[in-house]
Amino acid sequence: MEPRHTISVWVDNIPGVLSRVTGLFSGRGFNIESLCVAETMDPEVSRITIVSTGDEQITEQIIKQLHKLINVIKVVDLSGVEHVEREMALVTVKADGASRAEILRLVDIFRCRVVDVSPTTYSLEITGNYAKMRAVLDNLKVHGILDIVRTGTLAIQRTKKD
Amino acid sequence: MKMTGAQILLKCLEREDVKHIFGYPGGVVLDIYDELTRTPQLKHILVRHEQAAVHAADGYARASRKVGVALVTSGPGATNTVTGIASAYLDSIPIVVITGQVPTALIGNDAFQEVDIVGITRPCTKHNYLVKDINQLATTIHEAFHIARSGRPGPVLIDLPKDVVQASIVPKFPEEIKIKSYNPTYHANPRQVKRALDMIRGAKKPLLYTGGGIILSDAAEELTRFADTLQIPVTSTLMGLGGFPGNNPLWLGMLGMHGTYCANMAVSQADVLIAVGARFDDRVTGKLSEFAPHAKIIHVDIDPSSISKNVKVDVPIVGDCLDTLKQLNDLLHELPAKDWAAARRPWLETVAAWEKEHPLTYTWSDTVIKPQYVVEKLWELTKGDAFITTEVGQNQMWAAQFYRFNKPRRLMTSGGLGVMGYGFPAAMGVQVAQPDAIVIDIAGDGSIQMNIQELITVVENNLPVKVAILNNTFLGMVRQWQQLFYERRYSSTPMGAPDFVKLAEAYGAVGLRATKPEEVEPVIREALNTPKPVIMDFRVEPEECVMPMVPAGKAMHEMLLA
């Protein structure tokens, strides 16, 4: 598999900017694995986190092409620096009989939260990095996932501790 | 004082020193056209198809060093501009296209003549705007001009809803445009420039490969000085022709698919390739893995994304071509003089031998006009000093090969997008910018039919553009590929054409025809002496091929020579 890159993009918070960014990816044949976008503390600026796959040359092109968009203020490839990544998922999982206790054990082990309960299901809130999400979902799959919704990856650079 | 949106728009154009607009009116731009009647300093040239307005603005920009402007209505007016915009985008030509839009309240309602032109042109403009608030209008227009002409130039589109044009405010015109997220790098990093120079000075077989960046940054003189000083042979892309004098002994001709044998061999053998304002397009490189296999590559470009996009570069230099070449020349000037001609002799002799071995040539005929001969004669009779536009296909390649451009901004051609139908409207724009110059569109019988309607525009505006149709009764370049790679199955390439002489006359232009070689010169002379638009119909050899040719996907040394 080609390497994953997590790229942070600061953009003008105005209509159409997201479409410029995603249009660039589709138009030039770059991959988007996931994408998250929301306003920063400055309401005029949004921050987009994109996870993309591709070799070094493709990633270099992605970053240069992003820079070329007039509404892009700053681009950082977080894969090159120390950073923390998180994703979130809301999952409704089948839970009856013996599996109800087993699922709660998984919730405890993986530090998830139960956000909704019915006689036959649990809905869970799961956060973690890419690897943890896969681990949790693999374990829940056994019990039957009825519904799932996931965010893309969020990432933030670690503060230098000198 | 209160001003309407239309007044603010025209005021901004005036502030940007716009003198000419190419356009076509319609429902949502009525107010702008009405205001134009009270703005005599802005001359509006009414085209007959919006695509032509954009190509004309493109030709105008190249010939005048200014930003070309096109003005059209919403919906079909806007969609008709897309080809012109995409062409200007790929060729990095500074134009501003102003499209009308339905009133803001109707946007998104599938209103009459509504189209999301900002969405449609997002991938083929440098930037585009939908102005929803009249308070943003003046700043947006000045930003658009700033973006179009700075950095790597390109087309910018502004979409103006009718209610914004009709509203009025007391406007504030910005004195200076600053966009925090847009700061092109003009000044190349001196350390990189030094590294490049060291590499060039150490080279045994250096080669300059230049492109449209030389023309756009007006770097032709600095390039010539640099090449002359270090005695480095020069080849260029189609877009770069005229950036280095075609009569300089160091000139090798164009490289690439229809480049000269000498230029392509030089690339294949060079040990240092200095790319300046060129972007390693597939029509230039052929098979990428075998492009310049022995060369270290230095790449100068104002657009960082052009560098290491197609080939791996050893010394990347982000900067303006003019600035970089000046720095190189200044550095050279400080170094002790050296007899570069002597040092370079073996390489220049090798190159000269290639040139002698397979020069650009064609087989003469006493009975049939050869298209190359027409271009040669045009060159001779205009003393190489005309402004040449081309259509796309064989006509474009023969113009590039046989009109030896000595000066920059003398060739206007749709290089990147390859638009048939570009040349004639572009010639119109060039003639507006250079009213006293000889402007010739070298065309094919296929291409000219793509924007022939503009004949009435040149007649109406007294633009004495000359069109030289190399009429081979085929869609020549496609036919050539069918001949070479599809066993002569001429699918849809034999092509009927109207009687161009009668057609010219019907429009009020002058029509001339040559059917025999001896008629070529008199026809050209007569055209050049006619102060009106002229169409010259040259009946040329139908199955002539553009040679040499590097078949698509082959390496550059695998040329077909005849």
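The radius of gyration used here is taken over C-alpha atoms, and the globule rule is 2.2 Å times the number of residues to the power 0.38. Put chain B of this predicted model through that rule and things line up nicely: for 562 residues a compact globule would come out near 24 Å, and chain B has 24 Å, so the two agree. Along its principal axes, the C-alpha trace of chain B covers about 70 × 60 × 40 Å.

As for what fills that outline, chain B is built from 22 helices and 20 strands. Some 60% of its 562 residues count as buried. Looking at contacts in chain B between residues at least 6 apart in sequence, 76% of them link residues at least 24 apart. On the outside, chain B exposes about 21,600 Å², with 52% of that coming from carbon and sulfur atoms. Its charges number 55 positive and 60 negative, and their mean positions sit 4 Å apart.

Now for chain A. Here there are four helices and nine strands, and reading from the N terminus they go β-α-β-β-α-β-β-α-β-β-α-β-β. The C-alpha trace of chain A spans about 55 × 40 × 30 Å along its principal axes. Of the 162 residues in chain A, 41% count as buried. Among chain A contacts with a separation of 6 or more, 72% are between residues 24 or more positions apart.

The surface of chain A comes to about 9,000 Å² exposed, and carbon and sulfur atoms supply 54% of it. Chain A carries 20 positive and 21 negative charges, whose mean positions lie 2 Å apart.

Key. Residues are numbered from 1 along each chain as its sequence is written. Chains are lettered from A and ligands numbered from 1 in the order in which they are written. This is a predicted model: local features need pLDDT of at least 70, side-chain atom pairs count only at pLDDT 80 or more; totals for chains, interfaces and linings use all residues. Side-chain values use heavy atoms; hydrogens and water are left out. Helices (H or I, at least four residues) and strands (E, at least two) are DSSP runs, numbered from the N terminus. Buried means under 20% relative accessible area, exposed over 50%, partly exposed in between (1.4 Å probe, protein chains only). Contact means heavy atoms within 4.5 Å. Accessible areas come from the Shrake-Rupley method with a 1.4 Å probe; for residues, only the protein chains shown count as cover. Lys and Arg count as positive and Asp and Glu as negative; His and the chain ends are not counted. The place of a charge is taken as NZ of Lys, CZ of Arg, CG of Asp or CD of Glu.
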